[in-house]
Amino acid sequence: MKRFALIAACLLGACEPAVQRAEPIRLDFPEMNTFGSVGTPAPQRPNSEIALDFIDLAFRMESGRALPVLTRFEGPISVRVTGDIPPTLSGDLNALINRLRNEAGIDISLTNAAEANITIEAVPNNTLQRAAPNAACFVVPRVTNFQQLRSSRNTPTIDWATVRRRERAAIFVPSDVAPQEIRDCLHEELAQALGPLNDLYRLPDSVFNDDNIHAVLTGFDMLILRTFYSPELRNGMTEIEVSARLPGILARLNQAGQRAGGQIPSSTSREWIDAIQFALSNRTSDNRRRQAATRAVEIGQQLGWTGVREGFANYVYGRLQLGNDASLALSAFNVAGRSYRAQSITQIHSAHVSLQLAAFALISGEADAVIALADEAIPIAGSHQNASLMALLMMFKAEALDLKGQSEAAMALRMDSLSWARYGFGSQSEVLARLNEIASLAPQIPVVQTAEALQ
């Protein structure tokens with residue numbers, strides 16, 4: 001598994017910049033906000049459906065390659081951190097370890113010892129990109145550092161399909177990107193080091209989905225990990241053996257899921273996956289990426305897909321049409337929104353679409369529409385611990401309040417957004433760029449500068 005480097009927000013780039021006031025707004029950046037303990041909702045889908053998800057997650061790889069047996073760590077699991085450790089990593093990792101212990105029941109802890117079951121190494125982002133151009137971070141078995149990874153490239157050493165018992169793994173995360181991106185990498189890659197080696201685009205409630213919509217481990221993810229480490233399972237079990245035990249395990253671990261209504265999930269065609277991944281790639285032209293996104297939408301329509309796959313294909317297509325054809329982008333976002341709103345389980349997906357729709361509304365000067373979209377989506381983004389999304393929505397609402405002449409409320413909200421933006425986007429210059437990008441969409445809204453920039 002890898003986290004695709006999908007930009008958190010893409011605003012309309014084909015608009016004329018707004019007229020600026022003579023005196024720009026002055027902003028002093030507040031302290032960074034981080035998330036405390038946020039309750040994780042329990043899985044909402046039936047156990048019969050979750051059991052099928054577990055099999056596909058545990059016995060397949062992203063390439064479609066089958067894994068012969070179940071593998072996991074046995075006994076207490078130790079985790080250490082090396083490299084150029086960014087300041088926010090330790091706090092986020094401690095919070096994650098606590099969640100894995102409390103919610104997934106895994107005996108896992110941090111260590112300063114030279115040897116550990118799992119090593120997390122923080123390396124510069126450009127180094128990671130040379131090793132895996134489309135990945136924000138990744139995990140491999142049997143190595144403990146980046147040097148070993150380099151020497152083991154193209155060998156069975158780092159081939160998960162050859163593993164029969166997990167004993168060592170290394171996670172490589174960027175050391176010089178936004179705190180939220182580092183945290184998201186920790187959640188997804190540590191979960192993979194412990195459990196599932198696959199991603200499923202059909203999942204609406206999981207980080208084990210390369211749509212990158214969920215930022216942190218969900219209740220479904222914790223149930224999957226708890227199931228991985230249940231006493232009824234062991235290393236070396238076949239798919240048939242695990243399938244026979246899953247109903248009893250899930251009945252014990254998730255009593256609320258013992259109900260009718262589970263569906264047999266359809267497999268996601270390789271052609272659709274290839275089209276989506278090509279569309280998300282940054283190593284080809286925008287035109288070819290748009291063509292790939294169009295193909296993904298068409299494949300989904302031919303297969304009669306609804307839900308998260310229909311929504312994501314249209315979302316990606318809409319994003320790629322920004323700056324090229326605004327009418328096609330808006331139409332695609334509306335389709336994605338309808339698809340996501342059809343289920344309560346995809347509220348965070350809808351919030352991402354709301355951000356894009358807010359941009360269109362702001363350009364049109366529809367302040368009330370922007371405020372309505374933001375008011376609905378901001379608490380959802382917060383409950384899913386997505387600081388970058390929450391900050392952008394707050395910035396949009398602030399611009400809308402300015403349009404309505406509520407300047408004091410706008411400035412107060414804008415200042416609140418900065419605390420979350422520092423976590424979501426990192427550097428002050430990046431945050432400032434986002435503020436100015438949004439400000440440029442609004443009629444007669446000033447460009448924002450920091451107080452330091454004006455000196």
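# Chatting through the fold

User: Hi! Leaving aside its neighbours within four places in sequence, which residues is Asn-314 in contact with?

Analyst: Hi! Once those neighbours are set aside, Asn-314 is in contact with Val-297, Ala-332, Val-335 and Ala-336. Keep in mind that this is a predicted model.

User: Which helix does Asn-314 lie in? And is Asn-314 buried or exposed?

Analyst: Asn-314 belongs to helix α10, which covers residues 308–321. Its relative accessible area is 10%, and buried means under 20%, so Asn-314 is buried.

User: Okay, cores next. How many residues are in the largest nonpolar core?

Analyst: The largest nonpolar core has 72 residues. The ones with the most contacts inside this core are Trp-272, Ile-276, Phe-312, Phe-333, Met-395, Phe-396 and Val-431. Helix α14, residues 387–403, gives the largest share of this core, with 12 residues. There is also a second, separate core of 59 residues, and Val-79, Leu-100, Ala-193 and Val-207 are among its members.

User: Why might nonpolar side chains be buried together?

Analyst: That is a general tendency in soluble globular proteins: nonpolar side chains tend to be buried together.

User: Back to Ile-276. What does Ile-276 touch, not counting residues up to four places away in sequence?

Analyst: With those left out, Ile-276 touches Tyr-201, Ala-296, Phe-312 and Ala-313.

User: You mentioned α14. How do α14 and α16 cross?

Analyst: Their axes come within 10 Å and cross at roughly 40 degrees. Helix α16 covers residues 428–439. That angle is why α14 and α16 count as oblique to each other. The crossing of α14 and α16 is right-handed.

User: Which residues meet there?

Analyst: From α14 you have Leu-392, Met-395, Phe-396 and Glu-399, and they meet Val-431, Arg-434, Leu-435, Ile-438 and Ala-439 in α16. You may recognise Met-395, Phe-396 and Val-431 from the list of residues with the most contacts inside the largest core.

User: And what about α13 with α14, at what angle do they cross?

Analyst: The axes of α13 and α14 come within 9 Å and cross at roughly 155 degrees. That makes α13 roughly antiparallel to α14, and the crossing of these two helices is left-handed. Among the residues that meet are Val-370, Ile-371 and Ala-374 in α13, and Leu-389, Phe-396 and Leu-403 in α14.

User: I clicked on Asp-368. Which helix does Asp-368 lie in, and is Asp-368 buried or exposed?

Analyst: Asp-368 lies in helix α13, residues 367–383. Exposed means over 50%, and Asp-368 has 52% relative accessibility, so Asp-368 counts as exposed. Here is a nice detail: Asp-368 and Leu-403 are 35 residues apart in sequence and 9.5 Å apart in space, C-alpha to C-alpha.

User: Switching to strands. How many of the residues of β5 are buried?

Analyst: In strand β5, residues 118–123, 6 of the 6 residues are buried, so β5 is largely enclosed by the rest of the structure. Ile-118, Ile-120 and Ala-122 sit on one side, with Thr-119, Glu-121 and Val-123 on the other, and both faces are covered.

User: What do side chains do along a regular strand?

Analyst: As a general rule, they alternate between the two faces of the sheet.

User: In what sense do β3 and β5 pair? And β5 with β7?

Analyst: β3, residues 77–83, pairs with β5 in the parallel sense over 5 bridges, and Arg-80 stands opposite Thr-119. β5 and β7 also run parallel, joined by 6 bridges. There, Ala-169 in β7 is the bridge partner of Ile-118.

User: How many bridges join β6 to β7?

Analyst: 4 bridges join β6 to β7, residues 169–174, and these two run antiparallel. In this pair, Pro-141 stands opposite Ala-169. Strand β6, residues 135–141, has 7 of its 7 residues buried, so β6 too is largely enclosed by the rest of the structure.

User: Last one! What is phi for Asn-154, and for Asn-212?

Analyst: Phi of Asn-154 is near 60 degrees, a positive value in a residue other than glycine, and phi of Asn-212 is near 60 degrees as well. Asn-154 is in the loop between α4 and β7 and is exposed, with a relative accessible area of 81%. Asn-212 lies in the loop between α5 and α6 and, at 15% relative accessibility, counts as buried.

Terms used:
Residues are numbered from 1 along each chain as its sequence is written. This is a predicted model: local features need pLDDT of at least 70, side-chain atom pairs count only at pLDDT 80 or more; totals for chains, interfaces and linings use all residues. Side-chain values use heavy atoms; hydrogens and water are left out. Buried means under 20% relative accessible area, exposed over 50%, partly exposed in between (1.4 Å probe, protein chains only). Two strands pair if DSSP finds at least two bridges between them. A nonpolar core is a set of buried Ala, Val, Leu, Ile, Met, Phe, Trp, Tyr and Cys residues joined through side-chain atoms within 4.5 Å. Contact means heavy atoms within 4.5 Å. Axes are lines fitted to C-alpha atoms, for helices over the stretch in contact, and angles run from 0 to 180 degrees between N-to-C directions. Angles under 35 degrees count as roughly parallel, over 145 as roughly antiparallel, 65 to 115 as roughly perpendicular and the rest as oblique. A crossing is left-handed if the near helix is turned anticlockwise from the far one by less than a right angle, and right-handed if clockwise.
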